[in-house]
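The following exercises concern helix packing, burial and backbone geometry. Each task is followed by a solution in steps.

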Amino acid sequence: GRFLATVPVIEGWNGRDGRLGERGPFQFRRITWRQHMPGVSFALARDPVTARVCAVRHLAWLRRELRRAGIDDNAFNCALAWNAGLDRVLSGRAPLAAYDYATRFQNLYLSR
């Protein structure tokens with residue numbers, strides 16, 4: 001619960017789509033939405049209740065895949081994968097901006 005409560009805060013969602021098409025309080029991209037919400041309109045990513053369903057599924061998937069790769073599924077690593085994408089984390093190619101995001105996320109997460 002605390003992780004998913006922290007995501008919309010760190011994302012700073014203001015009701016508008018992000019510059020890369022990210023949508024809703026969890027700032028999902030269309031590809032992530034399709035992965036976890038097949039057959040559900042991407043327009044519903046703006047709905048907090050529906051978006052939370054996707055967020056729960058996405059976080060569970062990230063945690064499972066991180067553990068499968070032998071990486072601790074702590075808040076920092078989950079936030080890093082949330083921001084950079086799992087593939088970039090697993091390949092060691094997450095950009096510095098994603099590490100900054102994960103650090104800010106963890107600080108906020110731990111203060112809640």
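**Exercise 1.** Determine whether Ile71 is buried, partly exposed or exposed, and describe its surroundings.

*Solution.* Ile71 has a relative accessible area of 24%. Buried means under 20% relative accessible area, exposed over 50%, and partly exposed in between, with a 1.4 Å probe and protein chains only. Ile71 is therefore partly exposed. Its place is in the loop between helix 3 and helix 4; helices are DSSP runs (H or I, at least four residues), numbered from the N terminus. Leaving aside neighbours within four places in sequence, Ile71 is in contact (heavy atoms within 4.5 Å) with Leu66, Asn77 and Leu90. Ile71 and Arg57, 14 residues apart in sequence, lie 19 Å apart in space, C-alpha to C-alpha.

The model is predicted: local features need pLDDT of at least 70, side-chain atom pairs count only at pLDDT 80 or more, and totals for chains, interfaces and linings use all residues. Residues are numbered from 1 along each chain as its sequence is written, and side-chain values use heavy atoms, with hydrogens and water left out.

**Exercise 2.** Classify the crossings that helix 4 makes with helix 1 and with helix 3.

*Solution.* Axes are lines fitted to C-alpha atoms, for helices over the stretch in contact, and angles run from 0 to 180 degrees between N-to-C directions. Angles of 65 to 115 degrees count as roughly perpendicular, under 35 as roughly parallel, over 145 as roughly antiparallel and the rest as oblique.

1. The axes of helix 1 (residues 2-11) and helix 4 (residues 75-84) come within 12 Å and cross at roughly 50°. Helix 1 is therefore oblique to helix 4.
2. Phe3, Leu4, Val7 and Glu11 of helix 1 make this contact with Ala75, Cys78, Ala79 and Trp82 of helix 4. By class, these residues are 7 nonpolar, no polar and 1 charged. Here Ala, Val, Leu, Ile, Met, Phe, Trp, Tyr, Cys and Pro count as nonpolar, Asp, Glu, Lys and Arg as charged, and the others, Gly among them, as polar.
3. The axes of helix 3 and helix 4 come within 10 Å and cross at roughly 115°. These two helices are therefore roughly perpendicular to each other.
4. On the helix 3 side, Ala55, His58, Leu59, Leu62, Arg63 and Leu66 meet Asn77, Cys78, Ala81 and Trp82 in helix 4. This contact has 7 nonpolar, 2 polar and 1 charged residues.

**Exercise 3.** Which residues touch the most other members of the largest nonpolar core?

*Solution.* A nonpolar core is a set of buried Ala, Val, Leu, Ile, Met, Phe, Trp, Tyr and Cys residues joined through side-chain atoms within 4.5 Å. Among the 32 residues of the largest one, Phe3, Phe26, Phe28, Trp82 and Phe105 touch the most other members. Two or more residues each come from helix 1, helix 3 (48-68), helix 4, helix 5 (86-91) and helix 6 (96-111). Helix 4 gives the largest share, 8 residues. Phe105 touches Phe3, Thr6, Val7, Ile10, Ala75 and Ala79, not counting residues up to four places away in sequence.

**Exercise 4.** Where is Cys54 found, and what is its relative accessible area?

*Solution.* Cys54 is found in helix 3. Its relative accessible area is 0%, so Cys54 is buried. Not counting residues up to four places away in sequence, Cys54 touches Phe28, Thr32, Trp33, His36 and Met37.

**Exercise 5.** What is the sign of phi in Gln27?

*Solution.* Most residues other than glycine have a negative phi. Phi of Gln27, however, is near 55°, a positive value. Gln27 is found in the loop between helix 1 and helix 2 (30-36), and is buried at a relative accessible area of 16%.
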